[in-house]
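Visitor: I would like a close look at a single part of this protein, with its surroundings described as you go. Please take your time over it.

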Amino acid sequence: MLSAQLLQYHQHLFKPQNGKVLDLACGKGQNGLSLKEHNIDVLFADIEQTHLNNLLEHGQVEQANIWCADFESETQSDAVKLSQMQLQGVIVFRYLHRPLFDALKQSVISGGFVIYETFTEQNKQFGRPNRDQFLLKKDELKTLFKDWDILFYFEGIKHNPDRAVAQIVCQKP
């Protein structure tokens with residue numbers, strides 16, 4: 001399973017001695033597993049227990065590095081837990097829940113990194129996702145991290161497969 005190209009280009013930012021990286025909404029875990037291959041301590045978080053169990057069953061991840069989290073629950077308990085973490089970084093691919101951004105930003109230590117990629121409104125021309133709640137507006141991702149050091153930013157069309165995305169790699173001051 002191949003990790004996201006954006007992560008491949010920027011995974012060198014994470015160092016084994018700097019603490020945990022959260023793979024938020026990790027799905028099958030390919031991005032976090034790529035970091036783990038480089039001796040990075042990764043916490044895999046997803047709402048789907050099945051995905052997390054697969055990581056455990058294949059011996060790829062230990063129970064201590066699994067978090068079955070519902071970041072969209074009404075209680076916001078997992079978002080609060082996230083905001084109290086001290087992480088060297090957070091990686092997010094193909095997931096958007098706007099109310100989570102404050103907690104995500106709080107969880108990263110000074111000097112830590114966020115690598116984030118998700119779909120933009122332009123993606124409607126390619127199919128799913130196509131609902132506004134799952135699509136970033138123009139420059140929205142860049143604006144959300146305007147108070148961070150932006151090391152890389154892209155917003156536009158990618159191919160193979162065709163999709164419209166925004167990507168950011170940024171460092172917390």
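Visitor: Is S3 buried or exposed, and why does it count that way?

Guide: The model is a predicted one, and what follows should be read with that in mind. S3 sits in the segment before α1, and because its relative accessibility is 10%, which is under the 20% limit for a buried residue, S3 counts as buried. Leaving aside residues up to four places away in sequence, S3 touches Q8, Q30, N31 and S34. One of these, N31, is 28 residues from S3 in sequence, yet the C-alpha atoms of S3 and N31 are 4.7 Å apart in space.

Two pockets can be described in the same account. The largest pocket holds about 340 Å³ of space, and of the 17 residues that line it, A4, Q5, L6, E117 and R163 lie nearest its centre. The elements that contribute two or more residues to this lining are α1 (5-10), α2 (30-36), β5 (108-119), β6 (149-158) and β7 (163-171). By character, the lining of the largest pocket divides into eight nonpolar, five polar and four charged residues.

The second largest pocket has about 160 Å³ of space, and Q30 and N31, both of which S3 touches, are among the residues that line this pocket. The rest of its lining is made by D23, A25, C26, G27, K28, F93, R94 and Y95, and the lining as a whole comprises four nonpolar, three polar and three charged residues. A25, found in the loop between β1 and α2, has a positive phi of about 55° although A25 is not a glycine. Most residues other than glycine have a negative phi.

D23, which also lines the second largest pocket, leads into strand β1, where V21 and D23 on one side and L22 and L24 on the other are all buried, so that both faces of the strand are covered. In a regular strand the side chains alternate between the two faces of the sheet. Strand β1 pairs with β2 in the parallel sense over four bridges, and within that pairing V42 of β2 is the bridge partner of V21.

L22, in strand β1, is buried because its relative accessible area is 0%, against a limit of under 20%. Not counting residues up to four places away in sequence, L22 touches L43, A45, W67, L82, L87, G89, V90 and I91. The C-alpha atoms of L22 and F44 are separated by 6.2 Å, although these two residues are 22 residues apart along the chain.

L24 leads to the largest nonpolar core, which has 29 residues and in which L24 and L82 have the most contacts. That core draws at least two residues from each of β1 (21-24), β2 (42-46), α4 (77-83), β4 (87-93), α5 (101-107), β5 and β7. With residues up to four places away in sequence again left out, L24 touches A45, F71, L82, V90, I91, V92, Y95, L100 and L104; of these, Y95 is also one of the residues lining the second largest pocket.

How values were computed
Residues numbered from 1 in each chain as written. Predicted model: local features only at pLDDT ≥ 70, side-chain atom pairs only at ≥ 80, totals over all residues. Heavy atoms only, no water. 1 Å grid on protein atoms, 1.4 Å probe; cavity = no way out; pocket = protein on both sides within 12 Å on 5 of 7 lines; lining within 4 Å. Points joined across faces, edges and corners; volume = space filled by probe spheres on them. Nonpolar A, V, L, I, M, F, W, Y, C, P; charged D, E, K, R; others polar. Core = buried A, V, L, I, M, F, W, Y, C linked by side-chain atoms within 4.5 Å. Buried < 20%, exposed > 50% of the residue type's maximum accessible area, 1.4 Å probe, protein only. Contact = heavy atoms within 4.5 Å. Pairing = 2+ DSSP bridges.
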